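Colleague: I would like a close look at one part of this model, the second of its open spaces by size. Please take it slowly and put the surroundings in as well.

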Amino acid sequence: MTEHVDVLIVGAGLSGIGAAHHIQAAFPDRSYAILEARDAIGGTWDLFRYPGVRSDSDMHTLGYRFRPWTQAKAIADGPSILRYIRDTAADAGIDRCIRFGHRVIGASWSSTESRWTVRAEHDGATRVFTCDFLLMCSGYYRYDEGYTPEFAGTSDFRGQLVHPQHWPADLDYAGKRVVVIGSGATAVTLVPAMAETAAQVTMLQRSPTYIMPVPSEDTVANQLRRLLGPRRAYTLVRWKNVLVSTLIYQLSQRRPQQMRKFIRGLTRKQLPDGYDVDTHFKPTYQPWDQRLCLVPDGDLFRAIRDGRASVVTDRIDRFTATGLRLESGGELDADIVVTATGLQLLALGGLRLTVDGQEVALPDTMAYKGMMLSGVPNFLFTIGYTNASWTLKADLVSEFVCRLLRHMDAGGYHQTTPWPDPNVSPAPLLDFQAGYVLRAIDGFPKAGSRAPWRLGMSYAHDVITLRYGRIDDGTIRFTRRSAQPGDAEFTGTVGPGPGSEQITA
């Protein structure tokens, strides 16, 4: 049997639950459902179970705009974030609209019917859903497999080899020698957490990363909450933190040498006298060319000061029976090796799209405002910021979806499709130099050389354009069912985009 809903959301993580809340609040009479491949709410925050898992953004910006974060800690642990997402779903009754264990494998659009037909695998069978609007909130990580480089000799290693994305629930590292390969957000989280009970933890990095200590509690937020109440305080603190993070990012882009000096100064104060800061904490790239790692209350540096953790900057020659041999000739003995070597990206969760029988090649499409695909009707997706909290952008995408639906209701339209200007040249969707992005970006849609085809990375700018900007901006076509250019029912842009002839019924 085929089930029809007005809006179908894919993914019951942070983005999907937020999108459902926005749509339900704006359109209480519209039907919707969420298809979730796994058996639980939470997405990333349910999947990752490694020790110390936490946000690398403050919860006043990672939290939803409509639901204040009220806990004292602004840099929250994974279980707290998971409870926040699940409480949001339960309080609004969203959890009743989730179809668990449904992995979406394909979606076909029919212009004649103005409808998507979506296929999902469930319990070994294929289930079919139809919808008027399809909203992808599956993120861009590959959930079934992380990234591990090919290391020589892994079969020789007699200890345990673990990737953080598949953390064994029964892994006992108390009193063990642990090597964590990597220097990103996952590694700097794991090292101090495992150092609490492990005999020794070594962070083995090929090259350093920018790491900044931050307070785990936002004292301004906690004081304002007592004075103004949760909601008003949350709005003020959210904007305060947006402005602070924007300032750091802009200074990193415009005054990189000053920021390098500032971060180095913070790092040096956190480490013992005489520590070789330049070898282990002086990256070769500029600040914010890759994501900045935050360590709450400097816990990584504290573990190093206390002698429970150490950092080695070197390359791996091969695994041995007892650990790792380094290119410098050194050896690291280990009972457990954790490959915190990154994630793999997967565009739209691997979904296959077809429009009127023609398969859509994602690299041949262009992303309108970073959330719609050129030539693909009634389809939106969520990609958050790389230089700020994911949810800041996810909330704005959901708000834009609601504005778009209201505009279509008012005009009696059934279809909306972005159409690119051929004069806009393509560019990578994510202009970010992290390894996990560079490995996979060729499989993603393209961005454009100018608005509205760029993926914006400024929350303040996106608030203006997505929350208050024109919906019918001359780039999107709006049509009624079965209407084609030249028909009396057609209204919108004919041709490749802005500047083309306008035909209105």
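How much space lies in the second largest pocket?

Modeller: This is a predicted model, in which local features need pLDDT of at least 70, side-chain atom pairs count only at pLDDT 80 or more, and totals for chains, interfaces and linings use all residues. Residues are numbered from 1 along each chain as its sequence is written, and side-chain values use heavy atoms, with hydrogens and water left out.

The second largest pocket holds about 920 Å³ of space. A pocket here is an open set of points on a 1 Å grid over the protein atoms alone, with protein on both sides within 12 Å along at least five of seven lines; lining residues have an atom within 4 Å of a point. Its volume is the space filled by probe spheres set on the points, which are joined across faces, edges and corners.

The lining has 38 residues, and those closest to the pocket centre are Arg454, Leu455, Gly456, Met457 and Ser458. By class, 17 are nonpolar, 13 polar and eight charged. Here Ala, Val, Leu, Ile, Met, Phe, Trp, Tyr, Cys and Pro count as nonpolar, Asp, Glu, Lys and Arg as charged, and the others, Gly among them, as polar.

At least two lining residues each come from helix 7, helix 11 (390-411), strand 24 (446-448) and helix 13 (459-468). Helices (H or I, at least four residues) and strands (E, at least two) are DSSP runs, numbered from the N terminus. Helix 7 contributes the most, six residues.

Two of these helices also appear elsewhere. Helix 7 (230-254) is among the elements covering the buried residues of helix 8, along with strand 10 (211-214), helix 9 (277-280) and helix 10 (299-305). In helix 8, the buried residues (under 20% relative accessible area, 1.4 Å probe, protein chains only) are Pro256, Met259, Arg260, Ile263, Gly265 and Thr267. Helix 8 runs over residues 256-270 and reaches 21 Å from its first C-alpha to its last.

Helix 11 belongs to the second case. The largest nonpolar core (buried Ala, Val, Leu, Ile, Met, Phe, Trp, Tyr and Cys joined through side-chain atoms within 4.5 Å) has 143 residues, and Ile9, Ile17, Trp116, Val118, Val180, Leu353 and Phe379 have the most contacts inside it. Helix 11 gives the largest share of this core, eleven residues. Apart from it lies another core of twelve residues, including Ile181 and Ile316.

Technical notes. The expected span of a helix is 1.5 Å times one less than its number of residues. Buried means under 20% relative accessible area, exposed over 50%, partly exposed in between (1.4 Å probe, protein chains only). Contact means heavy atoms within 4.5 Å. On a 1 Å grid over the protein atoms alone, a cavity is a set of points where a 1.4 Å probe fits but cannot get out, and a pocket is an open set with protein on both sides within 12 Å along at least five of seven lines; lining residues have an atom within 4 Å of a point.
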